[in-house]
Every structure is written in structure tokens, then in C-alpha cells.
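Student: I have a two-chain model open and would like to learn why its parts get the names they do. Could you go through it with me?

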Amino acid sequence: MLSDDKLPWLVDRIRQIVEQASAPAWGDLWDKTAPGTQNISMFAYPNPLAGIGLAPFVFSPDANFYARLFGYSLKEVFTDATTYICFTLEQMVWNYENLHHDGSASKTILINQLGFFAPSLFGMMPTYADDAVPWIKGPVISDKASFARLKQPDFYTSGLSPLVHKMYAEASDLLPKDFQVEFTTWLTGPFSLLFHLRSPVDLAMDLMDDPPFVHDMMAFATHCMKEWWKERARFLGRVGIEPLIMGDDEVGVPMISPAQYEQFVLPYESELSEAFGGIDYWHSCSNVTKLLPLIARIPKLRMMDIGPWTALEPAVRLFGKRPGSSIMKRLHPVSEVLMASEEQMRSRLLEIKATCYDIPYMLFFDGLNVLDTVEESVQQVLLLDRVCHEIFHCDVSRPDVAPEPSPLKQ
Amino acid sequence: MNSRERLLTSLQHREPDRVPIDLGGTDVTSICRGAYLDLMMYLGRDPGQVEMVNLVEQLPKLTDSFLDEVIHCDTRQVRERGGSIWELRIEDDGQYLNYISEWQIGLRMPKQDGHYFDLVSFPLKEPTQEALEIFPWPDPSDPARWENLDREARWLYENTPYGLVVGCVFGGGIFEFPQYLRGMQAFLMDLIAEPAFADELMERITDIMCEAYAHMLDKVGPYVQVVSVCDDLATQLGPMISPQIYRKLIKPRQKRLIETIKARTEAHILYHGCGSTREFLPDFIEIGVDIFNPVQVNAKGLGDTAELKQTFGKDLTFWGGVCDTQHTLPFGTPEQVREETRRRLDDMMPEGGFVAAPIHNIQDGVPPENIMAMYETIHEYGVY
């Protein structure tokens, strides 16, 4: 239960931080001229000053990490506006007071329902627990007949929409006028959405057994995504839709082959990019090494996510050296962060720096959870932050280590 | 040295006259129908009327003359019969062939270019105790399931030279069957979200498995040299579940199953587990597994077969692993197949403890030239 004075205290503290904050000693590493003004994302774009030896890094631990650290119920966080706001503001304060990272405190609060929002619009409602981020289960497309019954989501009434509208309205009332509340976003890419709605097993078989059905589902998911974002813009009184930030998490080998990606996914992601004026950030948690040359064909793709399993070297070649695009490199949250020694962290980060030195890039640390105790996990986060600060904020030299090897040479 | 002696010598980690060879000794070391027919045509041999012995995997009954003259196979399989209540009924819906298994699982295969019967509907819809209570579990004590198996096994034992292998009863394991009954995605969720249900489901399946193997081995235990169990735990990249969950929920039940088997036979225990199972190999040894199959060399941690042999070869016989079944065998040249087969033999043959077999079933579309290159190399270089 939150105390009555917690929210006012957090609001004042954020005001102090925002007013005090000026460019840190290592400079402002974000590109303020980058296209896309959604201001709803934790993502910004590295300043295209490639080769200066510095790079921004951002910590974004899992909600479960912060909930354990601060003592929140995640069920309340994702269903109650006051709890959600306090939880979000408290993260900003903690990050500001404990980390050197480049994610700044802000007076804009996104009502973020993560990856479970979009599936909910089609009937996959989340299960809530105090100690876990909500999860979804129970695919809704069991066959062609059930797919035929699916309707385009209603912006106001489908799935979690009523809850999100309520939280948005309450948050807007709770926060003072100098704060802004952003309505939730649809992050989930069309393939990822079908992965949930159809189930991975059935979808994998459809890819082989029934290609027309996959195209029908992908076209439907793509259409629904575009229409939802248009309705969101209308609701917020904005002119048109802005470039997309998209997580197509299950796009990766071996879930799909490169040939299947080219046939079943690339056309729809390209269609989305054209419709939205670009994809500001393309993300997948899977291994997309073998898909990189195909993903590079998506028009107006600006920042490419390189997750823990994806090879960095070909991404640098394909995206890092292309005008107007950059790379976000993420580490493996367990083996490269929570269970890593300082020496292992340093070695890996120097390898990344050596690989990316001449291109615009940033590092992003997500998926961080609590392994054993909160204290131990916090110590690992603080350790990584210190090592990152030394390597990416203070030392401009090119590392005297070998870059990450090409997967072709491994 | 006959086939059975050759097999037993190798299983005792001693070197026989040549490496024992298996094709069709289990339903995970065989050859699919299309590949078999292509091979028979390539060899100019008449396959005759092809009888299917495993619908799901599309495995044909292999002729003795083919196994003896072409493969030099040292094994034969002893397999369970179906239950008396269930009857196979295949329905044609125009696009697919469909049937419901004895476990009430819906399977289908595309009529055009279908390779397997895929599992498409799962009978346990809800993770509840009530669902477990009303489910029509197969009866492992059904006499029809084991009818005449003792006579068959004894005849094979007394009248043929082959090593006899009991195939995996029911065709699934303690971790696999819950996925067949609930669906893979649902059961993986159950392990976390409905742990009591997942635990009870696996316990019931273990009870059925133990009873089934007990009935089987009461019939054939004295005559067989190898008993197979199977349970896929891993993808090609690593474990499908955390090792902690495996050790807490699955390993103790696998141990109980293996103890049930070992109480009834002196046969060696073959564990079939696809994917990157390296993490679990010490666990398998601990619970009494003698033989590891299929040694999927393109899965993470299993590619260096020399190192694998050095690390685990004293405790485990490797049964399989002869040629990368996803790359070299289907897509390589015959020369590349020969090169890899020879390398794998060099790695795994020394000091016995090795049975040459394909990595899982040889799939449709594998060129007959490559299949023959693999076996010709085994014949040529598999001599001690």
C-alpha cells in the first residue's frame, strides 16, 4: 500500500532532477535531430559522432527487478494508475541516484503495458501475479474458423483497452500540469503477435503446411496494427502516425528460416515501415544473424537491435555504416551481466567497443531480473554501470583488443 | 563374432571385430519411407509391399535382406502392440490425413508432400485435477499390448544372431507426453504457472510408463540386450527447460522408470534425447543410463565428438552421431559424407562403447548416394 505522501514526494523529486540535470561531463550523446518525436520511448538515438570513442548506454532492468527492490506488487503496478506512476517515477529517481547511464529522468510518463497489450486486443487476456510481470496464455486461433471470427480491435473496448483508458485518464488527473502522460503503445510486431495468437507450434507448422493461411494472418495483423495506431493518433489529436518502434521478438532462426522470413514477414514489416514513415527501432530477442541481410531491406529502418544471440560484426557492416542508421547492442542478462565477473564484463564490453568504434551505436541492458537476492543483483547492475562508465564515458581510446569475430569465421 | 556378441562387446566398452551397426533397432534410428524407397530404387532392389511400423515418423518395416546385405545391421527391434480398445481410423479431409491416437491426441499429415503426422490437437484442455480424473488413460496392463511378445522375443533370441532392442514404449517420455497431452506451449507454461498440475500429470504418466515397461520386460526381459527410453529435453541451442526444473521434477521420475526396467532385465538402457543435451549427460549417467542417442553433432556442445568421447566415453556408449543429419548427410557431397563419417568413427570407435547409427531417422529427400557413402565408409573404416 502506498503512503499518501509518496506521489507528491516523487513528483517533487523528479522536478528537482529534471531542473538540475545538465549535460554530463561526457557530453550529450543523443542525437536531438533524429527523426521521430514520439517521446514515448526509452530509446533515443546515438549522436552520429561515430569514432569519438564514446557511446551512450541505458539500463532498463525488468519490472520484476524494480518491484523486488522497491517492494511493489506487479499486479497493482499494471492495473492501478497511482501505483503505476509511483513505480515509474521511483525507477527514474533510483536510476538517477545510482547510475551513470544515459537514460534521463523525464516528466513524461508512458502507460506501458509491454508485450501483453496487443495480444489482449484479440482476446488473450493477461494473468496477473504480485511477483511476476503479467503473462498471456491460451492461443485464440485454433483453426481457420476461429481466425475468421477474429475482429479488428476496437480502440476503446477490446482487451485491455478499457483498463488502459482508465489508467491514462486517472494518471493525467493525478499528475500536475507540468507532467505529461502518454497513452500506451502497440509494440508487438505482426509475426510476434501471431506467435502468441496462433501458438508457436501451430504457426511453425502453418509456415510449412499452409502458406496462404500465414499470409492471411500476417495481412490481418498488419492491418490491425496500422488501424490501431491511426485511431490512437485521432484519440490524442495528433496529425498522422509517427515512425514505429517495433518488437518482433519471435522473428529469428530457428523459429523461421531466412527464406520464410523473406516470404512471410519481410513484406509486412516493410509495409508497416512505409505506412509509419519508417521503423525507428526494430527489435527481436531471437537470433537474427542469418536474417540481417533481409532485415536490412526494410525501408527507413533507423536503429537495429542486436540481441545477445545475434552476431555483431555483420550488423556493423549492414547497419552501422549506412547513413542515418545505428545499432543498439544488448547483452545477455544472465551470463553477461548477472553472473559475470568484472573481468568478463570488461572483456566483453571492450570487444563490443572495438567492433562498433567507427559507427553510431548504443548499449542497452534489459531483461535484468533478480537471480538470488535483490542485493546481489543490484550489485551486479552497479558493477556493470561502473565498468560501462569507464569504457564508454571516460576512455575515448580505441580498445587494443580484437573485435567480435565474424560468425563465418567462428 | 555374431551381431549380438558384437553389440554386447561394444556395450561393455571393449573393441569387437567391427563397429556394430544399427538401422531400425529403434524408431529414432531408422529411415523414413520416402528415403527408403529412393534408396531401394537406387540399389535396384524391390521393396515389395511396404508396411508402415510407425505412422507418426512415417517409418517402413525394413526387409531383412536389405538390413543384412546392404546395411550389415546388427540389431532388430521388439515393439509393443497397440491396446485392445483403440483402433486406428485415418480420415481424409481432402487436404490432410487425420487420426486420433490412443492417447486422444489429434494428428494430421498433409496429403501432398507430407513427411510426418504432426500433433495438432491436445486432449487435456485445462490444467485441472478434474481433467486428469476424467481423462481416458491408456491401460498399460491391457494384455493385447503385450500379446505373444515373449514368444517373438524368444524366437528372435534363439534363432537369429541379432542384438535385440526394445523400442521406446508409447513413443514418448515423461517430459514429452505432457506436451503431447497439453500442447508444448501450454505445458511449458504449466511448469511455471500450474506446478501442482504439472507435477501430478508427470506422476501419472510415470506410473503408466513404469507399469508398461514392467509388463513388457516381464515378457521379453531375458531376451533383449537394450531397452530404449526417450525424452527430448533440449533444443539445438540448449536445454528447453532450466536444469533446476529438470532435476527437481523430471530426473527423479526418469530414475524411477530406469530402476523399474533394471529390476526386470540385465539389458542396457538407451536414452534418446535430441538436441543440445550435454548439460544433462552427467545426470543421465547418475540415474543409470548406459547408452546415449542420437548424439546430435550439430547441436550445441555435441559437435566435438572426440572431446565428448574423452569426457563421457567411459560411462556412456554413443549410439548414433555418425554424420550431421541436417547438413552433410542431406546436402553434402558423397565425399563430404565419407569425410565426416570417417572422422566420427575415428572419434568414437576407440575402446568400444560405440554403435554406428544415423542421427535420428534418415529423412525423406536424403540422396541415396549419400546414404550409401555413409554405410560404405562405416563398412570400410569401422573395422578394429
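**Where the chains meet**

Tutor: Gladly! Chain B and chain A bury about 1,000 Å² between them, with 55% of that on carbon and sulfur atoms. Keep in mind that this is a predicted model.

Student: Which three residues of chain B supply more of the area buried against chain A than any other three?

Tutor: They are B:Asp118, B:Gln185 and B:Met189, which supply 41% of the area that chain B buries against chain A. The whole contact takes 13 residues from chain B and 14 residues from chain A.

Student: What makes the meeting of A:Lys137 and B:Glu194 a salt bridge?

Tutor: Set the value against the cut-off. The nitrogen-to-oxygen distance between these two side chains is 3.7 Å. A salt bridge needs a Lys or Arg side-chain nitrogen within 4 Å of a carboxyl oxygen of Asp or Glu. The pair A:Lys137 and B:Glu194 is therefore called a salt bridge. The count between chain B and chain A is one salt bridge.

Student: Which elements of chain B each supply at least two residues to the side that touches chain A?

Tutor: Strand S6 (106–110), strand S7 (118–121) and helix H7 (184–193) of chain B do. H7(B) gives the most, with four residues. By class, this side of chain B has eight nonpolar, two polar and three charged residues.

**Two sheets**

Student: What makes strand S1 (57–60) and strand S6 (244–247) of chain A edge strands?

Tutor: Each of them pairs on one side only. They belong to an open sheet of six strands with the order S1-S10-S9-S8-S7-S6 in chain A, where the pairing is parallel.

Student: How do you know that S1(A) and strand S10 (residues 361–366) of chain A pair?

Tutor: Count the bridges. S1(A) and S10(A) have four bridges, in the parallel sense. Pairing asks for at least two bridges, so S1(A) and S10(A) count as a pair. You can also find A:Ser60 opposite A:Asp366 in S10(A).

Student: And how do you know that S4(B) pairs with strand S5 (residues 96–100) of chain B?

Tutor: Two bridges join S4(B) to S5(B), and the strands run antiparallel. The requirement is at least two bridges, so S4(B) and S5(B) meet it. B:Glu91 has B:Asn98 in S5(B) as its bridge partner. These strands lie in an open sheet of four strands, in the order S4-S5-S6-S7 of chain B.

**Helices and unusual backbone**

Student: How do helix H8 (residues 190–198) and helix H9 (residues 200–209) of chain A pack?

Tutor: They pack at an angle of about 115°, with their axes 6 Å apart. Their contact has six nonpolar, no polar and three charged residues. H9(A) also lies across S5, S6 and S7 of chain B, running at about 120° to S7(B).

Student: Why is the phi of B:His13 worth pointing out?

Tutor: Most residues other than glycine have a negative phi. B:His13 has a positive phi of about 60° although it is not a glycine. Look for B:His13 in the loop between helix H1 (3–11) and helix H2 (33–43) of chain B.

Student: Where are there cis peptide bonds?

Tutor: One joins A:Val253 and A:Pro254, with omega about 15°. Another joins B:Asn293 and B:Pro294, with omega about 10°. A:Pro254 lies in the loop between S6 and helix H11 (258–276) of chain A.

How values were computed. Residues are numbered from 1 along each chain as its sequence is written. Chains are lettered from A and ligands numbered from 1 in the order in which they are written. This is a predicted model: local features need pLDDT of at least 70, side-chain atom pairs count only at pLDDT 80 or more; totals for chains, interfaces and linings use all residues. Side-chain values use heavy atoms; hydrogens and water are left out. Contact means heavy atoms within 4.5 Å. Buried area is the accessible area (1.4 Å probe) that two parts lose on being put together, summed over both. Ala, Val, Leu, Ile, Met, Phe, Trp, Tyr, Cys and Pro count as nonpolar, Asp, Glu, Lys and Arg as charged, and the others, Gly among them, as polar. Axes are lines fitted to C-alpha atoms, for helices over the stretch in contact, and angles run from 0 to 180 degrees between N-to-C directions.
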